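Hi everyone, thanks for coming. Let's put the structure up on the screen and walk through it together.

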Amino acid sequence: MSSGRILRFVVLVVSLAIAGCAAPPSAVPTAPSLSNFENVAGPAALQSHAIIGFSVDTPVRAATAAREGVTTTILYGGSPPPGSALTRALQAHAISVIDGGVSGLMFYWECHRTHTVKPPPKSYGYNSYCRTDEKPRIKSEAIVLHDVGELLERNGGRSYVVGYWVLDDWPSWDPGSGRELLQKVHELITKQARGKPAICGFGAGLGKPGQVNWDPGTAANYSNAGCDIVGWYNYSPFGRRHPSLGKGLDWTMKALLPAMQRSLGKKGWRIEQTPLYGIGQAWGGSYDHRFYQPGLTRSELLDQATAFCSFGARYVGWYAWDDSGFESRTHTPNNSDPIADGIAAALSACHTIWSRS
């Protein structure tokens, strides 16, 4: 989920909660052994069990994230230029970069669609995906592909770029509208950045035990030809006004993960061929001076990451070291001992699980 767009997700998650339903857990799949992108040797390779943190975007955060075990970061603003202070810090701490710029282009294109050809139904009241047409210049697939090509060309000499985050939040009333474009984006990445995976993100909400806060239509953007890795970002409910540690939520996601697997499976996804990246929540408390994000305790971070890795996730990570809604009172990996301890415990658990596969 991109920085600056997390508040839009409040409405989407609320709608998922309304539509939530109980679902029985299914058998835990084996860990993935294959992938449909090429692992390449050398500094440009994504590590086989990368620890991927979102928005490690300053030298100070790079030092903090490295101490916490992060090996790769997703940067929505794109990869930093060679020689910059951030690049030097990331390289000094052996943190590679996944460029998140493509997901931004996809967002602006879809945002334009929701203000032109695919506005939200009247029942929504307002456009919860983007209040205004934020970048009307991006009004066609051709423009998106042109800009993606420029982004890939710019990254051509940056050995620290190891992949691309290509898909993020999507409006529930326009399911699947990015599927074919993602396939074209993937084709460009294959030609211009061979061996570097395209990572598609799909979001859901944590609920009470047995509850599934996941819109199956979200999976419609997935295809084997568009995504090399699937990222699931599952967070506690947004928009709360009162403090809560999230004790009533099922951080083990026993019903949620199988439900997401079933939906994506209907679109052709198989965890054995297209690896899973499990994205846990790493912020809690006061948010945007108006809301309170439920969580976050050491045990909750441990439970969530362990659930992802036990389910078969090859990669694990957290959102986020930075976000536009964070304030001085927000608990993050930068300032919270319980969160840092939870990440350490989670990584230890995941490495144990991975060592058995």
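I'll start with the barrel, then turn to one helix, and finish with the cavities.

A quick note first: this is a predicted model, where local features need pLDDT of at least 70, side-chain atom pairs count only at pLDDT 80 or more, and totals for chains, interfaces and linings use all residues. Residues are numbered from 1 along each chain as its sequence is written, and side-chain values use heavy atoms, leaving out hydrogens and water.

So, the barrel. Eight strands close up in the order β2-β3-β4-β5-β6-β8-β9-β12, with parallel pairing. Strands here are DSSP E runs of at least two residues, and helices are H or I runs of at least four, numbered from the N terminus; two strands pair if DSSP finds at least two bridges between them. For example, β4 (residues 96–99) and β5 (residues 161–167) pair in the parallel sense over three bridges. Which residue in β5 is the bridge partner of Asp99? That is Tyr164.

Now helix α5, residues 141–154. Its 14 residues should span 20 Å at 1.5 Å a residue, and the end C-alpha atoms are 20 Å apart, which agrees. The expected span is 1.5 Å times one less than the number of residues. Buried residues in α5 (under 20% relative accessible area, 1.4 Å probe, protein chains only) include Ile143, Val144 and Leu151. The buried residues of α5 pack against β4, α4 (101–114), β5 and α6 (179–192), where contact means heavy atoms within 4.5 Å.Last, the count comes to two cavities of 30 Å³ or more: sets of 1 Å grid points where a 1.4 Å probe fits but cannot get out.

Key. Buried means under 20% relative accessible area, exposed over 50%, partly exposed in between (1.4 Å probe, protein chains only). On a 1 Å grid over the protein atoms alone, a cavity is a set of points where a 1.4 Å probe fits but cannot get out, and a pocket is an open set with protein on both sides within 12 Å along at least five of seven lines; lining residues have an atom within 4 Å of a point. Grid points are joined across faces, edges and corners, and a volume is the space filled by probe spheres set on the points.
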